[in-house]
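The exercises below ask you to read confidence, packing and charge pairing from a structure, each with a solution worked out step by step. Try each task before turning to its solution.

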Amino acid sequence: MSKQLEISALMRRAEVFWARTDRTATCWLWHPPLDREGYGKFSVSKVQFYAHRYAYLITVGPIPDGMHLDHVCHTRDAQCAGGRGCLHRRCVNPDHLEVVTPGENALRSNSPFAIAARRTHCPQGHPYDEANTIRRQGSRVCRTCERAKGERRRDQGRALRAQREALRRIENPPPAVGQIWQDTDPRSHGRTVRIVEVSDTHALIELHERLGNETPGRRTRVRLHRFRPRRGYRYLGTN
Ligand SMILES: [Zn+2]
Ligand SMILES: [Zn+2]
Ligand SMILES: [Zn+2]
């Protein structure tokens with residue numbers, strides 16, 4: 001569809017052109033012929049034009065090379081399913097036509113991708129502006145929501161750790177005077193000890209049950225970090 005015609009030559013057919021439109025309150029619908037995609041066709045001196053491009057040429061002016069004409073009426077109509085049956089494609093109302101780049105035209109369509117791309121706010125209502133937008137695999141992610149999600153995850157993590165820690169303290173309390181602990185070293189044959197004194201770094205223990213040839217009441221200093229089953233002592237209880 002070339003437009004290598006003088007504007008004066010184009011204008012000569014304007015009257016015929018407008019006579020073949022149905023002017024509704026909004027759209028001016030072009031009568032057939034239509035092309036296979038449902039766009040109006042119109043010939044001037046054997047040069048074929050899209051009807052809407054012709055309407056734009058004679059009312060507004062030339063369309064820059066490589067630019068598309070967008071049907072604004074279609075873009076604004078969220079109900080229109082588009083495709084060949086879309087009546088907007090036949091619309092030649094110059095007020096409904098806008099010059100856009102091909103990319104912009106694709107973005108203005110009603111495809112799910114285009115609809116998502118047009119959204120200016122996230123589902124929670126935060127703006128998709130420069131500061132609040134993270135680009136991820138071609139789509140936009142709201143920074144505020146991401147941060148909130150991270151905080152929720154951290155809160156859950158903290159709660160879980162606190163729960164585990166509380167449980168651990170029941171099973172494995174900090175060393176205190178009067179507690180009975182069992183030596184987990186297999187060579188000790190399960191001997192038990194009682195804490196008689198605790199300092200910042202050590203606990204003073206004495207043999208609680210006499211086993212083998214050990215001397216009852218013998219006292220030893222043990223570093224506090226060893227009061228963990230895997231490090232040397234398992235908590236048994238207090239007496
Ligand atoms: Zn229209
Ligand atoms: Zn439409
Ligand atoms: Zn958000």
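**Exercise 1.** Decide whether glutamate 206 is buried, partly exposed or exposed, and establish which parts of the chain its salt bridge with arginine 219 ties together.

Solution. In this predicted model, glutamate 206 has a relative accessible area of 16%; since buried means under 20%, glutamate 206 is classed as buried. The next step is to look at its partner: the side chains of glutamate 206 and arginine 219 meet in a salt bridge, with 3.3 Å from N to O. Finally, place both residues in the fold: glutamate 206 belongs to strand β11 (residues 202–207) and arginine 219 to strand β12 (residues 219–223), so the pair ties together parts that are 13 residues apart in sequence.

**Exercise 2.** Set the salt bridge of glutamate 37 and arginine 89 beside that of glutamate 165 and arginine 168, and work out where each pair lies.

Solution. Begin with glutamate 37 and arginine 89, whose side chains meet at 3.9 Å, N to O. Glutamate 37 sits in the loop between β2 and β3, while arginine 89 sits in the loop between α4 (72–76) and β6 (97–100), so this salt bridge ties together parts that are 52 residues apart in sequence. Turning to accessibility, glutamate 37 is partly exposed at 44%, whereas arginine 89 is buried at 17%.

For the second pair, the closest N and O atoms of glutamate 165 and arginine 168 are 3.1 Å apart. Both residues lie in helix α7 (residues 143–171), three residues apart, which is about one turn of the helix. Glutamate 165 is partly exposed, at 33% relative accessible area, and arginine 168 is partly exposed as well, at 27%.

To complete the account of charge pairing, note that a search of the whole structure finds ten salt bridges, and that Arg136, Glu146 and Lys149 are linked in a network of such bridges.

**Exercise 3.** Which elements each supply at least two residues of the largest nonpolar core, and what does tyrosine 54 contact?

Solution. The largest nonpolar core has 20 residues, and those with the most contacts inside it are Leu10, Phe17, Trp18, Phe49, Tyr54 and Val92. At least two residues of this core come from each of α2 (14–19), β2, β3 (41–44), β4 (47–50) and α3 (51–59), with α3 giving the most, namely six residues. When neighbours within four places in sequence are left aside, tyrosine 54 is in contact with Leu10, Met11, Arg13, Ala14, Phe17, Phe42, Val44 and Phe49. Apart from this core lies another, of nine residues, which include Trp181, Ile195, Ala203 and Phe227.

**Exercise 4.** State how many disulfides a search of the whole structure finds, and describe the accessibility of cysteine 91 and cysteine 145.

Solution. The search finds zero disulfides. Cysteine 91 is buried, with a relative accessible area of 0%, whereas cysteine 145 is partly exposed, at 22%.

**Exercise 5.** Which element of the protein has the lowest mean pLDDT and which the highest, and how many Å separate the centres of domain 1 and domain 3?

Solution. Start from the whole protein, which averages a pLDDT of 88, with 94% of the residues scoring at least 70. Among the elements, helix α6 (residues 112–118) has the lowest mean pLDDT, 71, and strand β2 (residues 28–30) the highest, 96. Where pLDDT is low, the predicted coordinates should not be read in detail. For the second part, the domain assignment gives domain 1 (7–118), domain 2 (125–171) and domain 3 (179–238); taken over C-alpha atoms, the centres of domain 1 and domain 3 are separated by 90 Å.

Terms used: Residues are numbered from 1 along each chain as its sequence is written. Chains are lettered from A and ligands numbered from 1 in the order in which they are written. This is a predicted model: local features need pLDDT of at least 70, side-chain atom pairs count only at pLDDT 80 or more; totals for chains, interfaces and linings use all residues. Side-chain values use heavy atoms; hydrogens and water are left out. pLDDT is the predictor's confidence in each residue, from 0 to 100. Helices (H or I, at least four residues) and strands (E, at least two) are DSSP runs, numbered from the N terminus. Domain bounds come from an automatic or database domain assignment. A nonpolar core is a set of buried Ala, Val, Leu, Ile, Met, Phe, Trp, Tyr and Cys residues joined through side-chain atoms within 4.5 Å. Buried means under 20% relative accessible area, exposed over 50%, partly exposed in between (1.4 Å probe, protein chains only). Contact means heavy atoms within 4.5 Å. A salt bridge is a side-chain nitrogen of Lys or Arg within 4 Å of a carboxyl oxygen of Asp or Glu. A disulfide is a pair of cysteine sulfur atoms within 2.5 Å.
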